[in-house]
Amino acid sequence: MPERFYVTTPIYYPNDRPHLGTAYATVTADALARWHRLRGDDVLFLTGVDEHGLKIARRAEEQGMTPAAWTDETAGWFTDAWAALAVTNDDFIRTTEERHIRAVQRFTQAIYDNGHIFKGEYSGWYCVACEAYYAQSELAEGASCPVHKSPVEWLVEENYFFRLSAFADRLLAWYAANPGVVVPESKRNEAVSFIRQGLADISISRTSIDWGVPVPWDPDHVVYVWYDALVNYVTAAGYGVDDETFAAWWPSVHHLVGKDILRFHGIWWPAMCMAAGIEPPRQLVVHGFLLVGGEKMSKSRLNQIDPVALAADVGVDALRYHLLREVSLGADGEFSYEGLLARYNADLANNLGNLAQRVATVVGSKCGGIGPAPRPAGQGSRLSAVAEEVVREACIAWERFAPHDALAVSWRLVRETNAELEVTEPWKMAPGPEVDAVLGDALEALRIVTILASPAVPAAAAEIWRRLGLSGAPDDPGRAARRGGGLDWGGYPGGLAVTKADPVFPRRTTTEQSLGAGKR
Ligand code: ME8
């Protein structure tokens, strides 16, 4: 049954260009959105930028620009990068947009009216890079930020507080009633144990800066940047302006977030929703970090890699495939250029690309370039049974937010089809029904793999599809759910002109370039 699928990425700070870590999160959300469109779901895929707060204000000042001028320029870095990586977001939110400012004010006012906000004085250690306060006990060596290892600042402010402490029991009850609400489970446990340690009220406004959304009942204050940012997820769903749209998308939302921002999404955000009188989000999907030389890639450590330059070097699909296939969602993964090329050669050039190439070649030489139809399922080739299993397992993997497993299992069909060709050696046979049967089955397996692979390698999938002579595209909305022409065996009609052209994934030598190719 088609469903509504609302998926979000974190909205990134546009204080610098996107790096491979933010590309990883965005491409992952994109693949999930693409999979759900394939299933026929109604999809809303949201990403964007988080433009307010001290971090951005200071960065703009360093550049001699106003924050507004700075973010007008830098928001474009993100839209450009995502377009370059074939990301198909349906909406791109900037927190400086009028629609968002109004939503933050409405949301905050609702929480205030419900009696969960009070005025008080706050002092504490503040990390500007995180835009977060830390307790003394949380600081790293030398009174530095536990994430950035940079000095923290002592801030004293009179501001408004959100009574987070009052939501501990409701949050624990919510976690108990919804066991799958945070995946992976280890991250759920982390959030629950954090709540059990006791929650402090959080300061949600600032008077020290004016780069933010004015607090509606006291405009000398601006809303704290995290409080403002989290609301983006409801802004884009029509909160407060379009009740029908909001009811359609909320709360069936899946927030894909990095493990660094679990506390904001797993504790603050559901409590804020409860306080404002709306349902908390359906699910948080927490991903790990990409590491370079064992360290988190980040702006402050200068080990970031430019994903657009890297994609220009290795190919957009190659980069997307590597990001999705290399690391299982939730775990940290080491990134290396050599690893990317090794996987490219193994999975894309030598497996999928080679299969597409050899099938087209043999159809050319033995079938006059016209692709024969496959045998009906269960009659002859064992590939139909393999395909059925692969499709079942890949669908399950996508549903449980495991692109890594979905692609691994999809490539089993590629390998087994290549193996089948090696055993039967149609290129050595005389033209006739036997060759037609073997090649028809291979074409059909390739057609199915192309659909399964399309969320990861959309351009190559479309190209292989075209070369098979098929009409439409592998990622036509709802194709995976179709009877006939979808993921069921037998969709390749036969009688189509198969095109042979240059390899879709030419082999690369692993010594060509170094990691520096994509590094700034
Ligand atoms: O935290 N590996 O923005 P941000 C994998 N504006 N993912 C990484 C990564 C890495 N090395 N580095 C960053 C913010 N990310 C807030 C979010 S949401 C309402 C507000 C990804 O620019 C990962 O998804 O610091 C992480 O959670 C996010 O970028 C943080 O981006």
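**View 1. The lining of the largest cavity mixes residue classes.** By class, nine of the residues lining the largest cavity are nonpolar, three are polar and three are charged. Welcome to this predicted model; the space inside this cavity comes to about 100 Å³. The lining is made by 15 residues, and those closest to the centre of the cavity are Leu 54, Tyr 126, Glu 131, Arg 206 and Ile 209. Two strands to look for are E6 (153–162) and E11 (218–223), since each supplies at least two residues of the lining. In total, the structure has four cavities of 30 Å³ or more.

**View 2. The second largest cavity is lined in part by helices H13 and H17.** Here the space is about 80 Å³. Helix H13 (337–366) and helix H17 (458–467) each give at least two residues to the lining, and H13 has the largest share, with four residues. If you would like to find the cavity by its residues, the lining includes Ala 356, Gln 357, Val 359 and Ala 360. Further along the chain, Leu 446, Ile 464, Arg 467 and Leu 468 are also among the lining residues, as are Val 498, Thr 499, Lys 500 and Ala 501. Sorted by class, the lining holds eight nonpolar, two polar and two charged residues.

**View 3. A shell of 26 residues surrounds the ligand.** Good places to start are Ile 11, Asp 50, Asp 260, His 287 and Leu 290, the closest residues of the shell. Which helix gives the most to this shell? That is H1, with four residues. Strand E1 (4–12), helix H1 (20–38), helix H7 (225–230) and helix H8 (232–235) each contribute at least two residues. The shell divides into 14 nonpolar residues, eight polar ones and four charged ones.

**View 4. Oxygen atoms of the ligand meet both backbone and side-chain atoms of the protein.** Zooming in, a polar side-chain atom of His 287 sits 2.7 Å from an oxygen atom of the ligand. On the backbone side, an N or O atom of Tyr 13 is 3.0 Å from a ligand oxygen atom. Gly 258 takes part through its backbone too, with a polar atom there lying 3.1 Å from an oxygen atom of the ligand. How much of the ligand does the protein bury? Taken alone, the ligand exposes 670 Å², and the protein buries 95% of that.

**View 5. Tyr 6 and Trp 250 form an edge-to-face aromatic pair.** The structure holds 30 aromatic pairs, and this view picks out one of them. The ring centres of Tyr 6 and Trp 250 are 6.5 Å apart, with 70° between the planes. Where in the chain do the two partners, Tyr 6 and Trp 250, come from? Tyr 6 belongs to strand E1, while Trp 250 is in the loop between helix H9 (243–249) and strand E12 (253–258). The pair therefore joins distant parts of the chain, as its partners are 244 residues apart.

**View 6. The second largest pocket is lined by 13 residues.** This pocket has a volume of about 240 Å³. Look for Val 391, Arg 483, Leu 487, Asp 488 and Trp 489, the lining residues that lie nearest its centre. By class, the lining of the pocket has eight nonpolar residues, one polar residue and four charged residues.

Definitions and conventions
Residues numbered from 1 in each chain as written. Heavy atoms only, no water. Near = heavy atom within 4 Å. Polar contact = N/O pair within 3.5 Å; in protein donor to acceptor, adjacent residues only side chain to side chain. Areas by Shrake-Rupley, 256 points an atom, 1.4 Å probe, with all protein chains shown as cover. Nonpolar A, V, L, I, M, F, W, Y, C, P; charged D, E, K, R; others polar. 1 Å grid on protein atoms, 1.4 Å probe; cavity = no way out; pocket = protein on both sides within 12 Å on 5 of 7 lines; lining within 4 Å. Points joined across faces, edges and corners; volume = space filled by probe spheres on them. Phe/Tyr/Trp six-rings, centres within 6.5 Å; stacked < 30°, edge-to-face > 60°.
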